[in-house]
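Please work through the exercises below with the sequence and the model in view. Each task is followed by a solution in steps.

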Amino acid sequence: MSKQAQMDTIQAMVKDIKYTMMTTRNGEDHLHSCPMNTTETSIGAKEIWFIGHTPSETVDNIKQNAEVNLAYTTKGDDKYLSISGTAELVEDAEKLDELWSVMYNAYFEQGKEDPRVQLIKVVPHGAEYWANGNAITSAVKMTAAAVTDTAIEKSLGENFSIEL
């Protein structure tokens, strides 16, 4: 698969999945994960956008260590994506206007003028993608491998890593 096809696969997956688990590191170097709604993604432009709260543990962690991981998974067809990147806390009223939807009014009493609104941009550095394929086919292959004492991990699905 070409690099462009890999990027297209990642772009399509992120676009189709509403939530990710964003993992940050706190001041004690412990991992902290929380669900975030991905508001806009352009893998080619190296931008993944979120609207978050400040203050929050996630925002505080980004201030101390900007390296993050985004974990995406699909429902039903066993596709997984891990994106590593650097988060930036952005103040940009024009970008906020572009990303804002009425859904966020449920989280912010004053709408987009609420002082707790925090734009977060993740600049992705790399990604790894896994697709397990059909569950029945995988089960048959695993059973056959167990009976014949052979490894089949390469034939269970698709996997690739890419630098972005």
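**Exercise 1: a bridge within a helix**

E98 and K95 form a salt bridge whose closest N and O atoms are 3.0 Å apart, a salt bridge being a side-chain nitrogen of Lys or Arg within 4 Å of a carboxyl oxygen of Asp or Glu. Place this pair in its helix and find the network to which the pair belongs.

Solution. The two residues lie 3 residues apart in helix α3, so E98 and K95 are separated by about one helical turn. Salt bridges that share partners then join E40, K95 and E98 into one network. K95 is buried, with a relative accessible area of 11%, where buried means under 20%, exposed over 50% and partly exposed in between, for a 1.4 Å probe and protein chains only.

The model is predicted: local features need pLDDT of at least 70, side-chain atom pairs count only at pLDDT 80 or more, and totals for chains, interfaces and linings use all residues. Residues are numbered from 1 along each chain as its sequence is written, and side-chain values use heavy atoms, with hydrogens and water left out.

**Exercise 2: the partners of K121**

Determine how K121 is linked to E88 and to E47.

Solution. K121 forms a salt bridge with E88, with 3.6 Å between the closest N and O atoms; this pair connects strand β6 with strand β5 (residues 79-90) across 33 residues. K121 also meets E47 in a salt bridge (3.9 Å, N to O), which links strand β6 to strand β3 (residues 47-53), 74 residues apart. As for accessibility, K121 counts as buried at 15%, whereas E47 is partly exposed at 23%.

Notes. Helix = DSSP H or I, 4+ residues; strand = E, 2+ residues; numbered from the N terminus.
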